[in-house]
Amino acid sequence: MKYVNLGKTGLKVSRLSLGTMTYGSRRWREWVLEEEESRPFIKLALELGINFFDTADVYSLGVSEEILGRSLKDFAQRDQVIIATKVFNKVGDGPNDRGLSRKHIFDSIDASLRRLQTDYVDLYQIHRWDYETPIEETLEALHDLVKSGKVRYIGASSMYAWQFAKALYTADKHGWTRFVSMQNHYNLVYREEEREVIPLSIAEGVGIIPWSPLARGLLVGNRQKQDYGDTLRAKTDEFAHELYYDDSDFQIVDRVVELAQKRGVKPAQIALAWLLHQPGVTAPIIGASKIEHLKDAVEAVNLVLSEEERKFLEEPYKPHPILGHR
């Protein structure tokens, strides 16, 4: 495993982050793995050198955080792992059980810390932009969490470049803690982030930790446009159906498969290697529902693609509408 700084901070993170949306409760999503099935993935990730784990309060409505917290307590030393979680999405039926108000942020961090069984979160991220709360209120609340010691760094997730720029400017203006990372939607079949968000992030020294690096499994190369593929998640993941399955997406997948066969590796490894070559990318957030998926992903860290190979993969790309946030 290789380790790099998260943006311009001194925080060292593995070049891959293990995303834990897959681990939780089937009552939330039918493709989710329960705790007994999930723990081996977290244990193996640690053994393979991954020190960066990403979750969110909304994943299985807190059960994902609970599983991650118990697993890391059993398998690792707290000061040797980087725990990232998120706040914003609906986690209850009350009017304040969502969003980025000071109240919800303060309530949510305490609940997340309790579920994760830790005194602090290394990276606390806003899961989306809140159109109903002034960004000043959100940033000051996050700054206060950092000063309290409950949070070490703060990050953002998918939003428009003007929103991210406004947040960075506002933090600087008031002397508040600024975002050090951007968790955005970025992969071989969705590259709209290259237009504004990624150049902004690079210019501001913000680390990029893309979600859906394999396009919800599309880049593995086993999906069909007419039936969405064979797995339970592929067939039932409505969010993925909204994001992908354009004709040009499948043209890129065909090239990924072709290059993988030529190189003697897995298509997923080609797709991850391409992403790891991209400017500004710190650590793609990978999901794994099979042990071999995790092993393959770690091997991709050392897979080098030539400039010609990268151009071959990129050539069929066609512009997409903004996908992943509204």
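**Surface patch, helix α1 and overall fold**

In this predicted model, Y131, Y160, W162 and I322 form a nonpolar surface patch of about 430 Å². Such patches join nonpolar side chains (Val, Leu, Ile, Met, Phe, Trp, Tyr) within 5 Å, from residues with over 30% relative accessible area and no salt bridge, that is, no side-chain nitrogen of Lys or Arg within 4 Å of a carboxyl oxygen of Asp or Glu. Accessible areas follow the Shrake-Rupley method with a 1.4 Å probe, and for residues only the protein chains shown count as cover. I322 lies in the segment after α12 (307-314) and is partly exposed, at a relative accessible area of 39% (buried means under 20%, exposed over 50%, partly exposed in between).

Residues are numbered from 1 along each chain as its sequence is written. Because the model is predicted, local features need pLDDT of at least 70 and side-chain atom pairs pLDDT 80 or more, while totals for chains, interfaces and linings use all residues; side-chain values use heavy atoms, without hydrogens and water.

The protein contains twelve helices and ten strands (DSSP runs of H or I, at least four residues, and of E, at least two, numbered from the N terminus). Of its 326 residues, 58% count as buried.

In helix α1 (residues 35-47), the buried residues are S38, F41, I42, L44, A45 and L46. Their cover includes β3 (17-19), β4 (52-54), α2 (63-75) and α11 (291-300). Just after α1, G49 adopts a positive phi of about 100°.

Definitions and conventions: Patches are made of residues with over 30% relative accessible area and no salt bridge: like charges are joined within 9 Å, nonpolar side chains (Val, Leu, Ile, Met, Phe, Trp, Tyr) within 5 Å. Buried means under 20% relative accessible area, exposed over 50%, partly exposed in between (1.4 Å probe, protein chains only). Contact means heavy atoms within 4.5 Å.
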